[in-house]
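Here's a quick look at how some charged and polar side chains pair up in this chain. Have the structure open while you read.

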Amino acid sequence: FLSSSIYGQDISLYKQYNGRFDFVFIGNTLNKLENGTGGPCEINTSSTATLALNPDDIIENAYLYWAGSGYGDFDVKLNNQVITAQRTFNVVQATSGLPFFSAFADITSLIQTTGNGDYTLSELDLTNVINFYCFNGTNFGGWAIVLVYKNDNLPLNQLNIYDGLEYVPNEINITLNNLNVIDNEDAKIGFVAWEGDQFISVNETLRVNGNAISNLPLNPVNNAFNGTNSFTGSTTLYNMDLDVYNIKNN
């Protein structure tokens, strides 16, 4: 890992599934505008995303992640239900010394009970913090639900969830341990990434086993972190990414 004067949590395996499983991400940004576009330095305290699984998809687990500028807001609400962080992550940007945070909560029972529909995350209040981040365009807040579901019509496969919080300076190398690849037919990799900028493409390339991959038209090979959502096709997920790439033959 190339880094200096920072701390964080290395990305590592959180949970593994073996069977007929698949995953989906939903979530939304709190940013009103893309950073660096000259708009006012303002941020929302709530936003909404929609879950739309097929009728025969059975929810196995659902994990809520939220993140933003500052040392952290670890009590939020999801559909007006209080959610307190069960795990927290912090990282400091090397060049500015500014802190950022992320949080995690297992919300499986809530999602299993509610099922499909709109989910609103609220009371993630960073309004008193972001003014310190606007000068270099690192003011952001957002949330995502990583949802694992099973379906008897899916092929047998292995699904791994890795998490952590690391600052990306020039390059970061992540080794995906405990991943048993028997057949890479329809293999894919998805990621939740924070504070990406659509208009900054400084060769932000995702490589798997050294091979550069893309997800056109949303994610060019040189701009992986660009505020997009592969599941909805959105290009206005300001300063966060919910992306999935096909990595067959990699």
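Start with Lys-32: its relative accessibility is 39%, so Lys-32 counts as partly exposed. Keep in mind that the model is a predicted one.

What does Lys-32 form a salt bridge with? The partner is Glu-42, and the closest N and O atoms of the two sit 3.2 Å apart. Both residues belong to the loop between β2 (21-29) and β3 (47-51), with 10 residues separating them. Glu-42 has a relative accessibility of 41%, so that side of the pair is partly exposed as well.

That's one bridge, but how many salt bridges does the count come to? The tally is 5. As a bit of background, side chains of opposite charge can pair when their charged atoms come close. Here are some of the pairs side by side:

| Lys | Glu | Closest N and O atoms |
|---|---|---|
| Lys-32 | Glu-42 | 3.2 Å |
| Lys-150 | Glu-60 | 3.3 Å |
| Lys-77 | Glu-123 | 3.4 Å |

Take the Lys-150 and Glu-60 bridge, with its 3.3 Å between the closest N and O atoms. This pair ties strand β10 (residues 141-150), home of Lys-150, to strand β4 (residues 58-69), where Glu-60 lies, across 90 residues of sequence. Lys-150 has a relative accessible area of 33%, so it's partly exposed. Glu-60 comes in at 25%, which means partly exposed too.

Then there's Lys-77 with Glu-123, at 3.4 Å between the closest N and O atoms. Here the link runs from strand β5 (residues 75-78), which holds Lys-77, to the loop between β9 (117-122) and β10, which holds Glu-123, and the two are 46 residues apart. Lys-77 is partly exposed because its relative accessible area is 23%, a value that clears the 20% cut-off for buried. Glu-123 is partly exposed at 45%.

Now for a residue outside the salt bridges listed above. Is Asn-160 buried or exposed? It's buried, because its relative accessible area is 15%, which is under the 20% limit. You'll find Asn-160 in strand β11 (residues 157-165).

Its side chain has polar company. One polar contact goes to the side chain of Tyr-162, at 2.9 Å. The side chain of Asn-160 also reaches the backbone oxygen of Asn-178, at 2.9 Å.

Which residues does Asn-160 touch once neighbours within four places in sequence are set aside? The contacts are Leu-13, Lys-15, Gln-16 and Tyr-17, plus Asn-177, Asn-178 and Leu-179. So Asn-178 turns up both as a contact and as the owner of that backbone oxygen.

Terms used:
Residues numbered from 1 in each chain as written. Predicted model: local features only at pLDDT ≥ 70, side-chain atom pairs only at ≥ 80, totals over all residues. Heavy atoms only, no water. Salt bridge = Lys/Arg side-chain N within 4 Å of Asp/Glu carboxyl O. Helix = DSSP H or I, 4+ residues; strand = E, 2+ residues; numbered from the N terminus. Buried < 20%, exposed > 50% of the residue type's maximum accessible area, 1.4 Å probe, protein only. Polar contact = N/O pair within 3.5 Å; in protein donor to acceptor, adjacent residues only side chain to side chain. Contact = heavy atoms within 4.5 Å.
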